[in-house]
Structure formats: C-alpha cells, structure tokens
Amino acid sequence: MLDRQSASQSSVVASLISNDCLNAHHRASPMRLGVLASGTGSNFQAIAEAIASRQLNASIQVVIYNNVGAGVSHRAAALGIPAILVDHREFSHREQLDEALISILHQHHVEWVIMAGWMRRVTDVLIRAFSGRMLNIHPSLLPSFPGIRAVEQALNANVAITGCTVHEVVLEVDQGPIVMQAAVPIESGDTVESLHRRIHTQEHHIYPLAIALAHGRSQVEATR
Ligand code: GRF
C-alpha cells in the first residue's frame, strides 16, 4: 500500500498526503482509469506496475494515443491493455476530438481520466464529462514553467531545483489545483535529457500515489 514512507522516499512535497484519504482509496471499489498518452508511455507503465503490485487500487480500462506507433501502444499491448489510436489530425475542431475521446472512455466504463504525456489541449467538453476526475502530470514545479519544453525552460532559467507536478485538469493549461509535487535538484552539466531522466524517475513515484490520493479525497468528501 502507498503510504507516507514511500512518499518521503521519493522526495515528495507531501504536505497534502493524508492517510485517511489513502485508506479510503484502498477501501473503495477499484478506480476505472482511462489513460491518454502521446509518446513513450513510461508513466502509463509506472501506473500499470503500481496496480499490479497493489499499491494502486485501480484498473486501466483503455489507453488512447494519438500518434501512430507511439511507444505507449507497444507497452499496452505487452500488458494486454486495450490501446486505441485516435489521430487528432482527422478532426477539424478540438471539441470533435474530445467527443471521440468521451465516446471511447464511456464505452470502456472509465471513471477517471489520466493524462500521461497527452500533448493536446483539452476543451471544456472533456473537462465537463469528467469533472473533478481528470489528472495530468507536468515536468516542472508548477506554477513555474508551464507549457511546452518545461525541462528546457528550467535549465535556461538557471534555477537550482525543478521537479514534477500532478494536478487536476482545468481549461487553462497546467493551472489546475496541485495534488502532489516532487523536487529534483539541477546538477552542474545537466542536459535536457539527463535532467528529464531524473524528473521521469520522480514522476513514476508520485503519479500512482497522487492518483490514489485524489481518489481517496473524493471518497472522503462524498461521505461528508
Ligand atoms: C512526462 O515528462 C510528463 O511530465 C509530460 O510528458 C512526459 C511523458 O512521458 N507531460 P512518458 O510518455 O510517460 O514517458
């Protein structure tokens, strides 16, 4: 089970972690997740592994990806998880793309949408359909360095510490309420690649924990 100790081992900024919420997550029915990903899918894999080891009480119902041959589709195939290509280039409006996503997510009985490197802006259409049940991970300590090339932005700004953030999804990109963060010190000689590698390691620690926490919190709130 994920707990405060595993959180501190991954240098999580853990002030928001509540064991009550984590206990509520593990008592509830398994979360039904739909993962949206555009690329490699290492966060998807970390979430799948956390489920397999029962750290996360969930199942991944479907993965939706938008780039032919994306690494995430191979990872999903290896794990026997359905992966569906929805190529954004086939839609003339963002809202149409989101309608297509909703239809697949509903077909697979998804409750929570987990954006794991989904490189498309989402619209109000998708956010309303999964209100309060959409999370994203971003490779910086938000509110610093939102938007694209966040790792490069941090390097160029000469900050000493960057990291990653799991947050709720709202219409404004990378601005939703923060669920969890982990800090990653920048080392001399770091390149975008070396720094992003260490950020990825922290992402893989905090994303499953943040998913459990957000779910547990919603369970606790529902009983108030
Ligand atoms: C991660 O760094 C995440 O923060 C960003 O996109 C990257 C996805 O990596 N949103 P992966 O595909 O999960 O390996």
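Which residues does T123 touch, not counting residues up to four places away in sequence? They are R94, E95, D98 and L171. The report below places T123 and several other residues within a model that is predicted.

## The chain as a whole

The chain holds 8 helices and 8 strands. Its radius of gyration is 17 Å, which agrees with the value near 17 Å that a compact globule of 224 residues would have. Along the principal axes, the C-alpha trace spans about 45 × 40 × 35 Å. Among the contacts with a separation of 6 or more, 66% are accounted for by residues 24 or more positions apart.

Of the 224 residues, 48% are buried. The exposed area of the chain comes to about 10,600 Å², and carbon and sulfur atoms supply 50% of that area. The chain carries 16 positive and 19 negative charges, and the mean positions of these two sets are 3 Å apart.

## T123, ahead of helix α6

T123 is found in the loop between β5 (112-115) and α6 (124-129). Its relative accessible area is 7%, so T123 counts as buried, the cut-off being under 20%. The side chain of T123 is joined to that of D98 by a polar contact of 2.7 Å. D98 is also one of the residues in the contact list of T123, together with R94, E95 and L171.

## The loop between β6 and α7

Several residues described here belong to the loop between β6 (134-138) and α7 (150-156), including S140. The relative accessible area of S140 is 0%, and this residue is therefore buried. A polar atom of the S140 side chain lies 2.6 Å from the backbone oxygen of S144. Leaving aside neighbours within four places in sequence, S140 is in contact with F145, A150, T162, G163, C164 and T165. Of these, T162 lies within the range of β7 (161-168), while A150 lies within the range of α7 (150-156).

P143 also has its place in the loop between β6 and α7. The peptide bond that joins L142 and P143 is cis, with omega about 15°. Most residues other than glycine have a negative phi, and most peptide bonds are trans. R149, a further residue of the loop between β6 and α7, has a positive phi, near 50°. In contrast to the buried S140, R149 counts as exposed because its relative accessibility is 55%, where exposed means over 50%.

## From α7 into strand β7

N158 is found in the loop between α7 and β7. Its phi is positive, near 60°, and N158 is a residue other than glycine. With a relative accessible area of 67%, N158 is exposed.

I161 is found in strand β7. Not counting residues up to four places away in sequence, I161 touches L141, A183, V184, P185 and I186. Between I161 and S103 there are 40 Å in space, C-alpha to C-alpha, and the two are 58 residues apart in sequence.

## Two buried isoleucines

Is I64 buried or exposed? I64, in strand β3 (residues 58-65), has a relative accessible area of 0% and is therefore buried. Leaving out residues up to four places away in sequence, its contacts are V35, L36, A37, I84, V86, L101, I104, L105 and W118. I64 and T123 are 59 residues apart in sequence, and their C-alpha atoms are 16 Å apart in space.

I199 lies in helix α8 (residues 192-222). This residue, too, is buried, with a relative accessible area of 0%. Not counting residues up to four places away in sequence, I199 touches P139, V151, T162, G163, C164 and V184. Among these, T162, G163 and C164 are also in contact with S140, and V184 is also touched by I161. I199 and N158 are 41 residues apart in sequence and 16 Å apart in space, C-alpha to C-alpha.

Key:
Residues are numbered from 1 along each chain as its sequence is written. This is a predicted model: local features need pLDDT of at least 70, side-chain atom pairs count only at pLDDT 80 or more; totals for chains, interfaces and linings use all residues. Side-chain values use heavy atoms; hydrogens and water are left out. Helices (H or I, at least four residues) and strands (E, at least two) are DSSP runs, numbered from the N terminus. The radius of gyration is taken over C-alpha atoms; the globule rule is 2.2 Å times the number of residues to the power 0.38. Buried means under 20% relative accessible area, exposed over 50%, partly exposed in between (1.4 Å probe, protein chains only). Contact means heavy atoms within 4.5 Å. Accessible areas come from the Shrake-Rupley method with a 1.4 Å probe; for residues, only the protein chains shown count as cover. Lys and Arg count as positive and Asp and Glu as negative; His and the chain ends are not counted. The place of a charge is taken as NZ of Lys, CZ of Arg, CG of Asp or CD of Glu. A polar contact is a pair of N or O atoms within 3.5 Å; within protein, one must be able to donate a hydrogen and the other to accept it, and residues adjacent in sequence count only if both atoms are side-chain atoms.
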